[in-house]
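Welcome! Please take a moment to look over the sequence and the 3D view before reading on.

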Amino acid sequence: MALICPLCQAPESIAYVENEDGKTPYACLICERYPTRATPYAVVTTDPAPCISCGGPIVDTYRYGATGYLTDIHRTACPRCGRDRTVKEKANASDNAERALPYPRL
Ligand SMILES: [Zn+2]
Ligand SMILES: [Zn+2]
């Protein structure tokens, strides 16, 4: 399972390791940025990604501490069926990434 990127909103794009300190995310597979820093005390909720079983909205909430460093990631499960897995929208995600480039790729 991977998380929704709070920067480019791609589902299943943030892999993470979980240990006693909480979740430590890797860089986004789509936009290649780390979601580990924001303004102090920011609470960033991602755009909803579709639930794997019913398409309902699943969001991830990223919380940041006094230094602006990521302190917690919380996934809110689908309000319709209670599952917490999002659909991996590979084709759409890469389409969006191509469109988001600031210059055409030659
Ligand atoms: Zn991203
Ligand atoms: Zn659902």
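This report walks through the overall layout, the two metal sites and then a hairpin with a loop residue beside it.

A word on the ground rules comes first. This is a predicted model, in which local features need pLDDT of at least 70, side-chain atom pairs count only at pLDDT 80 or more, and totals for chains, interfaces and linings use all residues. Residues are numbered from 1 along each chain as its sequence is written, chains are lettered from A and ligands numbered from 1 in the order in which they are written, and side-chain values use heavy atoms, with hydrogens and water left out.

**Overall layout**

The protein has six strands and one helix, where helices (H or I, at least four residues) and strands (E, at least two) are DSSP runs numbered from the N terminus. Read from the N terminus, the order of elements is β-β-β-β-β-β-α. The protein has 106 residues, and 32% of them count as buried; buried means under 20% relative accessible area, exposed over 50%, and partly exposed in between, with a 1.4 Å probe and protein chains only. Its accessible surface is about 6,700 Å², with 51% belonging to carbon and sulfur atoms; the areas come from the Shrake-Rupley method with a 1.4 Å probe, and for residues only the protein chains shown count as cover. Among contacts (heavy atoms within 4.5 Å) with a separation of 6 or more, 45% are between residues 24 or more positions apart.

**The two zinc sites**

Which residues coordinate the zinc ion (ligand 1), and which are the protein donors of the zinc ion (ligand 2)? The table gives the answer; donors are N, O and S atoms within 2.8 Å of the metal (3.2 Å for Na, K and Ca), and water is not among the atoms, so sites may look incomplete.

| Ion | Donors | Distance | Angles |
|---|---|---|---|
| zinc ion (ligand 1) | C5 (SG), C8 (SG), C28 (SG), C31 (SG) | 2.2 to 2.3 Å | 105 to 115 degrees |
| zinc ion (ligand 2) | C51 (SG), C54 (SG), C78 (SG), C81 (SG) | 2.2 to 2.4 Å | 97 to 122 degrees |

The site of the zinc ion (ligand 1) is tetrahedral, and the site of the zinc ion (ligand 2) is tetrahedral too. Four donors count as tetrahedral if all angles lie between 85 and 135 degrees. The ideal angle for four tetrahedral donors is 109.5 degrees.

Along the chain, the donors of the zinc ion (ligand 1) have the spacing C-x2-C-x19-C-x2-C. C8 sits in the segment before β1 (16-19) and C28 in the loop between β2 and β3, so this pair ties together parts 20 residues apart in sequence. C8 is partly exposed at 28% relative accessible area, while C28 is buried at 3%.

For the zinc ion (ligand 2), the spacing is C-x2-C-x23-C-x2-C. Here C51 is in the loop between β4 (49-50) and β5 (57-64) and C81 in the loop between β6 (70-76) and α1 (90-100), so the pair ties together parts 30 residues apart in sequence. C51 is buried, with 2% relative accessibility, and C81 is partly exposed, with 37%.

A search for disulfides (pairs of cysteine sulfur atoms within 2.5 Å) finds zero in the whole structure.

**A hairpin and a loop residue**

β5 and β6 run antiparallel and are joined by six bridges; two strands pair if DSSP finds at least two bridges between them. In this pairing, T61 stands opposite H74 in β6. The two strands form a hairpin with five residues between them, and G68 in the turn has a positive phi of about 85 degrees.

Is T36 buried or exposed? T36 is buried, at 13% relative accessible area, and its place is in the loop between β2 (22-25) and β3 (43-45). Beyond its neighbours within four places in sequence, T36 is in contact with P25, Y64, G68, Y69 and L70.

Methods: Tetrahedral: all angles 85-135°; square planar, octahedral: opposite > 155°, others 65-115°.
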